[in-house]
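Biologist: Pick one helix in this model and take me through it slowly. I'd like to know what it touches, then what lies elsewhere in the chain.

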Amino acid sequence: MGKVKRLPDEEVAYNYFKAVLKEDNQDCTGQEEDQAFESFSAHLVLKGFSLPYTAVEDGIVGGNEDGGIDSLFALLNGQLLPNGSLDEIDTHFLSKRTPLDLYFIQSKNSFSWRADVWPKMGSALKLLLSDLSQSPNLHKLEKSGLSDGIKRFAINLNETRHALDSVMPLMRVHCIYVSFGSRGKLSELALSRGDILKNAVKKLLPTDSVVEVDYWDCIQIVRAGSQSANHKVKLHIYDQAIIENDLKENENGKNPKNFVALVTLENYLNFIQKKGGNGIDDDMFEENVRGYAGHAVDVNKAIQKTLTRDSDTHFWWLNNGITILADETYDNTNTEWVIENPLIVNGLQTSYTLYDAFAEKTITAKRLQEYLLVRVITSKDEGIRQDIITGTNNQNSIKKLQLHANDELQIRIENYLAGYDWYYERRKYQYKNSHKPQRRIRNLTELSQAVMAYRLLEPDQARARPTTFLNKSGGKGWDLVFPANVDITLYLKALQVQDKVDTFLKTPEALNISSDSTNARFYLNSCYTLQSSNVKSIDGYKQLPVSALKDKPSDNVLKQLLMKFVKVSKNFDSSTMKNDQLYKSTEFRDKLFEEILNG
């Protein structure tokens with residue numbers, strides 16, 4: 001950035017940005033700093049969604065052909081759609097008018113505002129939000145000059161919107177311009193063009209859609225950066241809680257409070273919903289070891305039947321209740337408690353069935369005022385949390401696989417990786433406000449994807465179906481990623497190679513070859529480990545011990561592999577509409593590996 005006189009608030013915002021870079025061990029200037037600001041802006045805007053680091057990085061598309069969009073994201077009911085695609089998301093239990101949020105972010109590492117940002121973005125959005133099932137619109141997109149990454153997002157988003165036709169999602173588009181400049185520096189021309197963009201986008205969407213054009217200036221940057229990452233939710237209870245008081249002080253000098261209380265179904269519904277009532281807060285169920293079984297299961301049928309009919313038998317007499325783990329709890333009043341980072345570890349079936357009945361308006365008014373038994377346990381101790389999760393779920397007919405996330409190997413992996421400054425997030429919120437470098441935090445899915453690509457040579461599964469793979473064949477997928485007698489160095493090697501690949505794919509050298517980092521990243525990981533092993537066949541590779549696998553790819557090696565990736569891609573149907581499906585297929589994977597093995 002050139003020398004510009006800065007206002008005090010601008011100076012504070014810029015210094016905060018530089019401090020974040022330093023925390024992440026990044027020391028950059030010029031073009032590198034501009035790219036870092038794109039990443040910084042995207043993470044800041046999406047901070048409230050608690051998304052994994054790599055998920056946000058995948059949405060950054062800034063470059064010469066970005067159409068005025070540096071990063072773009074789609075979230076369905078607060079859940080990220082990778083590259084705009086539904087992928088593994090089950091749409092069967094979505095309520096009508098579930099919100100579909102689209103974020104289009106332009107980031108300018110400057111202390112001023114440009115008036116040409118919105119017209120550029122407007123031209124791109126006209127293509128991104130059009131119906132691409134109509135050939136003329138698809139043809140315009142393909143000839144637009146936009147990067148492959150943006151085109152792919154547009155096509156995936158179009159398919160997602162059609163797949164959600166029966167849900168009729170509420171479209172909410174957020175166009176955000178981020179700059180260190182003070183809002184007072186915005187010109188009338190820039191503001192008027194923002195209004196023009198807002199009106200133009202509204203015309204592309206259903207009538208009741210919401211379109212927001214916003215300016216994140218220095219004050220907004222500081223405000224968002226200073227907000228606590230902790231998730232605090234109010235729980236209104238009936239009368240008073242039964243509190244367990246004989247607990248030792250925690251590391252913050254506070255006495256944690258465990259309590260049991262009765263909560264009306266109406267207040268519990270308010271507790272588990274997202275702010276504004278836009279659907280159930282799925283983050284609260286991150287650590288629950290079972291997925292929602294749906295309406296067809298007998299126990300859920302029984303709950304639903306009870307909710308839709310009044311009787312003299314109260315709801316809480318028939319239900320086992322809810323167990324919530326929390327990092328902190330405190331009571332504002334006798335009947336209002338604040339739960340910090342709540343995780344519902346038992347009661348998922350009750351919660352989702354209750355919400356479905358509420359959304360479908362089949363629950364009676366009398367039942368809404370009846371009670372549910374809720375237990376809240378405050379602890380950050382991993383051993384205690386594991387015991388609670390296992391103890392409150394083992395009375396159910398759940399598979400052993402679904403409890404593996406809490407086993408000894410997972411703890412060993414976490415401790416081992418921490419020695420190399422990698423932070424394995426075994427549970428939601430584990431590293432919130434911990435000041436650990438965000439780019440060094442990886443969750444279970446991200447670690448599994450790296451292993452699938454690096455050791456199992458399953459980049460297609462890592463790209464498209466990581467969760468399905470882990471759960472396949474009664475847990476065999478999990479056993480492949482986390483075998484009992486594993487050489488634990490595998491996880492460090494897999495992460496290091498994946499991180500090196502992801503870093504390389506953002507370089508100008510890589511972007512000149514392909515801007516398709518989403519589809520290339522796991523394939524390059526697999527290709528590197530296969531090529532560097534000097535084997536003649538896949539079977540030969542599988543015979544190698546982990547100790548024989550290399551983990552230090554050079555940029556030159558990755559460049560050659562990326563060129564092969566592009567070359568093999570072109571040998572298949574090059575239609576953009578089919579690209580994502582291509583990279584999720586075993587046919588492409590096998591052809592690429594054949595190219596690697598044959599030199």
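Modeller: Let's take α22, and start where its axis and that of helix α24 (residues 555-570) come within 10 Å and cross at roughly 115 degrees. Before going on, bear in mind that this is a predicted model: local features need pLDDT of at least 70, side-chain atom pairs count only at pLDDT 80 or more, and totals for chains, interfaces and linings use all residues. Residues are numbered from 1 along each chain as its sequence is written, and side-chain values use heavy atoms, with hydrogens and water left out. Helices are DSSP runs of H or I with at least four residues, strands are runs of E with at least two, and both are numbered from the N terminus. An axis here is a line fitted to C-alpha atoms, for helices over the stretch in contact, and angles go from 0 to 180 degrees between N-to-C directions.

Back to the pair. α22 crosses α24 in a right-handed way; that label applies if the near helix is turned clockwise from the far one by less than a right angle, and anticlockwise would be left-handed. On the α22 side, the contact (heavy atoms within 4.5 Å) is made by Asn519, Ala520, Tyr523, Leu524, Cys527, Tyr528 and Gln531. They meet Val557, Leu558, Leu561, Leu562, Lys564 and Phe565 of α24. Sorted by type, that contact has 10 nonpolar residues, two polar and one charged. For the sorting, Ala, Val, Leu, Ile, Met, Phe, Trp, Tyr, Cys and Pro count as nonpolar, Asp, Glu, Lys and Arg as charged, and the others, Gly among them, as polar.

Another partner of α22 is helix α26 (residues 586-597): the two axes come within 10 Å and cross at roughly 35 degrees. This crossing is right-handed. Here α22 brings Tyr523, Ser526, Cys527, Leu530 and Gln531, while α26 answers with Phe588, Arg589, Leu592, Phe593, Ile596 and Leu597. The split is eight nonpolar, two polar and one charged. Notice that Tyr523, Cys527 and Gln531 of α22 take part in the contact with α26 and also in the contact with α24.

α22 also has a share in a cavity. On a 1 Å grid over the protein atoms alone, a cavity is a set of points where a 1.4 Å probe fits but cannot get out, and lining residues have an atom within 4 Å of a point. Points are joined across faces, edges and corners, and the volume is the space filled by probe spheres set on them. Two cavities of 30 Å³ or more turn up by this rule, and the largest has a volume of about 80 Å³. Its lining consists of Thr54, Trp422, Arg442, Glu446, Gln449, Ala450, Leu495, Gln498, Asp499, Asp502, Arg521 and Phe522. At least two of the lining residues come from each of α16 (444-454), α20 (489-504) and α22 (517-532), with α20 giving the largest share, four residues. By type, the lining has five charged, four nonpolar and three polar residues.

One backbone detail follows α16. Leu457 sits in the loop between α16 and α17 (459-464), and its phi is positive, about 55 degrees, although it is not a glycine.

Elsewhere, there are strands to look at. Five of them form an open sheet of mixed pairing, in the order β7-β8-β13-β9-β12, where two strands pair if DSSP finds at least two bridges between them. Since β7 (242-244) and β12 (343-346) stand at the edges with a single partner strand each, one side of each is left without a neighbour in the sheet. From one strand to the next, the twist averages 30 degrees. Inside the sheet, β8 (residues 258-264) and β13 (residues 371-378) run antiparallel and are joined by six bridges, with Ala261 partnering Val374 in β13. Helix α9 (residues 265-272) lies across β8, β9 (322-326), β12 and β13, at about 115 degrees to β8.

Key:
1 Å grid on protein atoms, 1.4 Å probe; cavity = no way out; pocket = protein on both sides within 12 Å on 5 of 7 lines; lining within 4 Å.
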